[in-house]
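Subject: Structure for you to look at

Hello,

I am handing over the structure we talked about. Please look through it first; my notes on what was found follow below.

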Amino acid sequence: MAEMANKETTENGSSFSFTSSGGGNNTTTNTGRRGLPTIQTHKKPTDSDTMEVCHDDSTPPVRAQTIHELHSLQKKRSTPNTPIRTTQGPFANISEEERQRQQLQSISASLASLTRETGPKVVKGDPATKAKVTHVDHHAHPHNYVSTTFDVSDSALKFTHVLYNLSPAELYEQAIKYEKGSFITATGALATLSGAKTGRSPRDKRVVKDETTEHELWWGKGSPNIEMDEHTFLLNRERAVDYLNSLEMVFVNDQFLNWDPEHQIKVRIVSARAYHSLFMHNMCIRPTPEELEDFGTPDFTIYNAGQFPCNRYTHYMTSSTSVDINLARKEMVILGTQYAGEMKKGLFSVMHYLMPKRNILSLHSGCNMGKNGDVAFFFGLSGTGKTTLSTDHNRYLIGDDEHCWSENGVSNIEGGCYAKCVDLSKDKEPDIWNAIKFGTVLENVVFDEHTRDVDYSDKSVTENTRAAYPIEYIPNARIPCVAPHAKNVILLACDAFGVLPPVSKLSLAQTMYHFISGYTALVAGTEDGIKEPQATFSACFGAAFIMMHPTKYAAMLAEKMQKHGATGWLVNTGWSGGRYGLGNRIKLAYTRKIIDAIHSGSLLNAKYTKTEVFGFEIPDAIEGVPSEILHPMNTWSDKKVYQDTLLKLASLFKKNFDGFMTYKIGKDEKLTEEIVSAGPIF
């Protein structure tokens with residue numbers, strides 16, 4: 001007969017245990033099966049009894065009646081709320097319920113339709129939590145709309161849950177839970193996919209042309225601004241807002257642009273994906289809880305409905321993708337693309353409009369600062385070494401991509417970095433490599449299915465793999481990201497023709513000329529079909545993002561440089577001794593020595609020789625750099641071929657600059673002859 005244990009309880013609460021063994025005799029002994037001691041009989045303690053135990057882990061039971069209540073006890077509330085402005089001030093002593101109600105009304109107003117009630121009521125939190133919702137009067141937003149029974153749609157009867165300013169950990173949870181293609185990599189970064197679009201769509205970018213922007217912005221040939229009218233913008237806006245309102249939940253980020261508090265811009269980003277919310281959390285400046293309390297109405301709002309296409313048959317549309325900016329309404333609409341870079345660069349375009357109107361120069365550049373406070377800008381297109389050269393462990397990083405130069409000094413526009421990851425290695429880019437950790441977004445990378453180790457050389461999804469991380473992930477980043485006025489303006493060019501000097505000191509007019517030109521050269525392997533060097537020009541080293549005419553930014557740059565005594569330099573990181581395929585690329589070690597000499601100020605004291613054609617001032621000697629490579633002609637064996645190649649490049653510069661020679665800044669300011677004469681002279 002099988003053994004079994006029995007337990008009985010008497011009426012007085014005593015508990016007895018005994019062992020029954022086969023054979024039918026029930027006995028209580030001190031030795032049990034296999035010689036083990038039996039469980040002894042104990043009397044349950046009463047109030048008057050005491051019982052000694054060697055360790056007691058018992059605690060009072062949790063104060064929860066349901067699993068949901070138990071889970072709610074696990075999480076301490078810390079998420080700040082949107083600001084409340086009352087007659088008693090922004091920090092008025094009001095209830096938490098009232099604060100949340102007003103916050104949700106603010107977001108509800110952002111998601112309101114223009115002339116009809118189609119938007120749902122908004123509540124806070126993930127619908128998966130099944131929490132009790134707080135009903136919010138959607139009609140309480142600040143717009144005075146007249147609503148009738150014909151205006152109201154079914155969507156006005158539903159609730160959209162707002163996930164407001166979530167932390168990276170919360171956004172990880174949302175991405176893993178709801179977004180297919182989101183994974184945690186071996187280093188803790190969030191790997192995700194941007195869908196069919198793995199880069200920006202500049203041909204689908206539109207700007208509303210109205211009575212104001214018609215005269216302020218740069219339109220026509222060479223301009224990145226493709227016009228659309230107000231009516232078409234509102235059609236796309238309605239489509240985006242209707243899509244966002246149809247969702248069970250949306251993500252809302254309230255953040256800042258520009259580290260200079262005097263000229264900070266408040267932005268609100270409404271999106272459908274946790275990936276987009278985390279990306280903007282990293283790329284914009286993150287408010288403190290106190291700053292959020294006094295955030296107020298945003299200066300600019302993005303409606304990112306990128307999962308939903310635009311109507312291709314709408315006027316001005318050329319595809320199912322449209323990225324639209326309305327400067328008068330202070331709004332941006334994204335349809336038909338989930339590539340997060342559209343938000344980053346869209347806001348950069350907005351800053352290129354807003355800042356110059358305040359007499360603040362907006363720049364597409366890297367920036368660092370020495371320990372003595374000397375500041376340098378680095379301008380350069382892809383492949384010129386801008387990221388590599390602006391990253392210097394002996395200097396503080398102010399920012400890697402977008403800056404403002406105001407009367408207060410230099411400030412970074414962003415709160416993060418957006419680095420290319422293709423062929424990334426720890427040896428070449430240790431700072432970027434180490435920044436790819438928890439909180440970082442990795443776009444379109446390929447990783448091992450089991451170990452989650454990322455293979456940065458795998459371009460199966462796209463060559464444009466990217467990492468977005470907060471700037472404080474870089475060890476030598478200066479927080480806050482502000483600095484004194486710049487002392488050096490370094491223009492980088494990867495000259496694949498091999499005729500530009502490794503370094504040239506520029507006059508103020510030459511700096512303006514080459515800033516407007518924005519030259520570099522594409523080489524084989526950079527783009528499909530390129531077999532020999534091709535010159536490429538991008539005005540202000542960022543033509544895709546500027547809003548006003550390039551001469552406007554160049555004139556402001558010259559004014560800042562002249563006022564603060566900054567020097568302009570043109571640094572060639574390309575070829576020497578022949579064009580690409582014949583000559584040799586200038587060694588990075590030599591370029592670093594040149595940059596070091598610029599930073600230290602020693603290069604200003606060098607002896608210079610002026611060249612023909614371009615009229616560059618070339619130093620005769622730099623410590624650590626072979627003197628023979630400083631003058632390009634010395635490195636060419638065939639001087640005739642060198643001269644022909646030099647004239648060819650000069651003609652390309654002249655041809656590119658023809659489009660800027662007759663442009664007027666404002667009503668009567670023309671580009672001066674001084675700038676035109678600073679170009680190559682045949």
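H11 and H12 cross in the right-handed sense. In this predicted model, H11 covers residues 508-517 and H12 covers residues 550-564. Their axes come within 9 Å and cross at roughly 145°. On the H11 side the contact is made by Leu-508, Thr-511, Met-512, Phe-515 and Ile-516. H12 contributes Pro-550, Thr-551, Tyr-553, Ala-554, Ala-555, Leu-557, Ala-558, Met-561 and Gln-562. By class, this contact of H11 with H12 has 11 nonpolar and 3 polar residues, and no charged ones.

Next, helix H6, which takes part in two helix contacts that I noted. Helix H6 is made of residues 274-283, and one of its partners is H8, residues 341-354. The two pack with their axes 9 Å apart, at an angle of about 40°. Angles from 35 to 65 degrees fall in the oblique class, and H6 and H8 are therefore oblique to each other. Their crossing is right-handed. His-276, Phe-279, Met-280 and Met-283 of H6 meet Gly-341, Met-343, Lys-344 and Leu-347 of H8. Of the residues in this contact, 5 are nonpolar, 2 are polar and 1 is charged.

H3, residues 168-178, is another partner of H6. Here the axes come within 9 Å and cross at roughly 160°. An angle over 145 degrees counts as roughly antiparallel, which means that H3 is roughly antiparallel to H6. The crossing of H3 and H6 is left-handed. From H3 the contact takes Pro-168, Leu-171, Tyr-172, Gln-174 and Ala-175, and from H6 it takes Ala-274, Ser-277, Leu-278 and His-281. The contact of H3 with H6 divides into 6 nonpolar and 3 polar residues, with no charged residue.

H6 also lies across four strands: E7 (190-192), E21, E22 and E25. Relative to E22, H6 runs at about 120°.

Those strands belong to an open sheet of 5 strands, in the order E6-E7-E22-E25-E21. The pairing in this sheet is mixed. Its edge strands are E6 (183-184) and E21 (416-420), each of which pairs on one side only. Within the sheet, E22 (residues 441-443) and E25 (residues 466-470) pair in the antiparallel sense, over 3 bridges. Which residue of E25 is the bridge partner of Val-441? The partner is Ala-468.

There is also an open sheet of 4 strands, ordered E15-E19-E20-E26, and its pairing is antiparallel. E15 (361-364) and E26 stand at the edges with a single partner strand each, so one side of each has no neighbour in the sheet. E19 (residues 402-406) and E20 (residues 409-412) are an antiparallel pair with 4 bridges. In that pair, Ser-406 of the one strand stands opposite Gly-409 in E20.

Two points of backbone geometry, both in loops, are worth a look. The peptide bond from Ile-479 to Pro-480 is cis, with omega near -5°. Pro-480 sits in the loop between E25 and E26 (482-483), and these two strands belong to the 5-strand sheet and the 4-strand sheet respectively. Asn-258 has a positive phi of about 85°, although it is not a glycine. Asn-258 is located in the loop between E10 (249-257) and E11 (265-271).

Last, confidence. The protein chain averages a pLDDT of 85, and 80% of the residues score at least 70. Over residues 47-56 the pLDDT is below 50, and this stretch has 2 contacts in the model beyond near neighbours in sequence. Residues 133-150 also stay under 50, and for them the model has 31 contacts beyond four places in sequence. Where pLDDT is low, the predicted coordinates should not be read in detail.

Regards

Note on methods
Residues are numbered from 1 along each chain as its sequence is written. This is a predicted model: local features need pLDDT of at least 70, side-chain atom pairs count only at pLDDT 80 or more; totals for chains, interfaces and linings use all residues. Side-chain values use heavy atoms; hydrogens and water are left out. Axes are lines fitted to C-alpha atoms, for helices over the stretch in contact, and angles run from 0 to 180 degrees between N-to-C directions. Angles under 35 degrees count as roughly parallel, over 145 as roughly antiparallel, 65 to 115 as roughly perpendicular and the rest as oblique. A crossing is left-handed if the near helix is turned anticlockwise from the far one by less than a right angle, and right-handed if clockwise. Contact means heavy atoms within 4.5 Å. Ala, Val, Leu, Ile, Met, Phe, Trp, Tyr, Cys and Pro count as nonpolar, Asp, Glu, Lys and Arg as charged, and the others, Gly among them, as polar. Two strands pair if DSSP finds at least two bridges between them. pLDDT is the predictor's confidence in each residue, from 0 to 100.
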